[in-house]
Amino acid sequence: MNGKKNIAVKVRQRIGAVMKWAIAQGFRADDPTGAALTAVLPKSGQRTQHHRALPFAEVGNATAIVRATNAWPATKMAFELLVLTACRSSEVRLADWTEFKLDEAIWTIPESRMKSGREHRVPLSRQAVDLLLQAQALGDGVGYVFKTPTGKTLSDTAISKLLRENGVAVVPHGFRSSFRDWAADCTNVPREICEHALAHVEGSASERAYRRTDYFEHRRALMQQWADYVLGS
C-alpha cells in the first residue's frame with residue numbers, strides 16, 4: 001500500500017478541488033478530503049538515504065592515502081581541494097582559472113554553477129592556495145583547473161572512482177558532512193557561518209534580503225582551521 005501513496009495523494013487532490021468548487025457553489029458544506037483523510041493515508045515507508053561520509057577524525061588519513069597513490073595528479077588535487085573547501089564535486093571538477101584570485105586567496109563560483117543559483121565566494125586556506133599553485137605549475141593556467149590527460153574536464157565519476165579504488169569507502173559529497181560534523185563538534189563557530197561555508201541558503205526570502213553579509217572573514221578563519229586539522233599543519 002505504501003507504493004500507492006503518491007497515486008492516493010494525487011487522487012485526493014483532484015477530488016479536493018472538485019469539493020472546494022462544490023462548497024463554493026453551495027452544493028456541499030464540507031470537504032471530505034481534508035485533514036481527516038490525510039491522517040489515515042499510509043506513510044511512505046521510505047527512509048532518507050544519506051551520503052556515505054567519514055568521521056571527521058579519519059579525513060586526514062583518507063587524504064594521505066589518496067596523496068600516496070599513483071593516480072592522475074589532477075584527480076588527486078581535485079579531491080584534496082574538495083576536502084579543503086567543503087565544496088561539491090561538480091563545483092571543483094568544473095572550476096575555471098578565471099574564478100580564482102590566488103593573490104587574495106579567494107575562489108568565486110558563479111551562480112550558474114551553484115546549486116543554490118547564488119554566487120558563492122570561497123575563502124582559500126594557505127594549503128588550498130599552495131595546492132592550486134601546484135596545479136597551475138602542472139598545466140597552462142588556462143581553462144579548467146583540473147584536466148584529464150587529453151585536456152578535457154574530469155568526469156563526474158573521477159573522484160568517486162579514485163576513492164573506491166583506494167579503499168576509501170565514501171562518496172565525495174560525504175566530505176561536506178565530515179566538515180560540518182567537525183565544525184559542530186570541534187569549534188564554537190555559529191551555525192549560520194558553518195551553513196554559509198557549505199553555501200546552504202538559510203532563512204526566509206525576507207531574511208535573506210536584509211542579510212547582506214556572507215560572513216567571509218569568519219569563514220576564512222574557519223576554513224583555515226579545517227585545513228590545519230585535516231593536514232596536521
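Modeller: A residue is called buried under 20% relative accessible area, exposed over 50%, and partly exposed in between, with a 1.4 Å probe and protein chains only. Buried residues make up 40% of the 233 residues in this chain. The model is a predicted one: local features need pLDDT of at least 70, side-chain atom pairs count only at pLDDT 80 or more, and totals for chains, interfaces and linings use all residues. Residues are numbered from 1 along each chain as its sequence is written, and side-chain values use heavy atoms, with hydrogens and water left out.

Biologist: Which elements does the chain have, and in what order do they run from the N terminus?

Modeller: There are 11 helices and 3 strands. Both are DSSP runs numbered from the N terminus: H or I over at least four residues for helices, E over at least two for strands. The order is α-α-α-α-α-β-β-β-α-α-α-α-α-α.

Biologist: What makes the strands an open sheet, and which of them are the edge strands?

Modeller: Two strands pair if DSSP finds at least two bridges between them. Strands β1 and β2 are joined by 2 bridges and run antiparallel, while 4 bridges join β2 (residues 106-109) to β3, also antiparallel. The result is an open sheet of 3 strands in the order β1-β2-β3. Its edge strands are β1 (100-101) and β3 (120-123), each of which pairs on one side only. Among the bridge partners, Phe 100 faces Trp 107 in β2, and Ile 106 is matched with Pro 123 in β3.

Biologist: Why is the pair of Phe 100 and Trp 107 called stacked?

Modeller: Rings of Phe, Tyr and Trp (its six-membered ring) pair if their centres lie within 6.5 Å; planes under 30 degrees apart count as stacked, over 60 as edge-to-face and the rest as tilted. The centres of Phe 100 and Trp 107 are 5.0 Å apart and their planes stand at 20 degrees, so the pair is stacked. By this rule the count comes to 9 aromatic pairs. One aromatic cluster is formed by Phe 56, Phe 179, Trp 182, Trp 226 and Tyr 229.

Biologist: Why do Phe 100 and Trp 107 count as buried?

Modeller: Phe 100 has 9% relative accessibility and therefore counts as buried. Trp 107, with a relative accessible area of 0%, is buried as well.

Biologist: What is notable about the phi of Ala 105, and where does this residue lie?

Modeller: Most residues other than glycine have a negative phi. Phi of Ala 105 is near 55 degrees, a positive value in a residue other than glycine. Ala 105 is placed in the loop between β1 and β2, a hairpin with 4 residues between the strands. At 13% relative accessibility, Ala 105 counts as buried. Ala 199 has a positive phi near 60 degrees and belongs to the loop between α9 (191-197) and α10 (205-210). Its relative accessibility is 13%, so Ala 199 counts as buried.

Biologist: Which strands does helix α11 lie across, and at what angle to β3?

Modeller: Helix α11 (residues 216-231) lies across β2 and β3, at about 45 degrees to β3. Axes are lines fitted to C-alpha atoms, for helices over the stretch in contact, and angles run from 0 to 180 degrees between N-to-C directions.

Biologist: What makes Arg 121 a charge over the face of Phe 216?

Modeller: The rule requires NZ of Lys or CZ of Arg within 6 Å of the ring centre and within 35 degrees of the ring normal. Arg 121 lies over the face of Phe 216 at 4.2 Å from the ring centre.

Biologist: Which residues are in contact with Thr 63, and why is Thr 63 called buried?

Modeller: Contact means heavy atoms within 4.5 Å. Thr 63, found in helix α3, touches Phe 79, Glu 80, Val 83, Val 230 and Leu 231, leaving aside neighbours within four places in sequence. Its relative accessible area is 2%, so Thr 63 is buried. Over the chain, residues 24 or more positions apart account for 64% of the contacts with a separation of 6 or more.

Biologist: Where is Ala 57 placed, and is Ala 57 buried or exposed?

Modeller: Ala 57 sits in the loop between α2 (35-40) and α3 (59-67). Its relative accessibility is 60%, so Ala 57 counts as exposed. The C-alpha atoms of Ala 57 and Tyr 229 are separated by 8.9 Å, although these residues are 172 residues apart along the chain.

Biologist: How many disulfides does the rule give?

Modeller: A disulfide is a pair of cysteine sulfur atoms within 2.5 Å, and the count comes to 0. Cys 87 counts as buried at 2% relative accessibility, whereas Cys 186, at 40%, counts as partly exposed.
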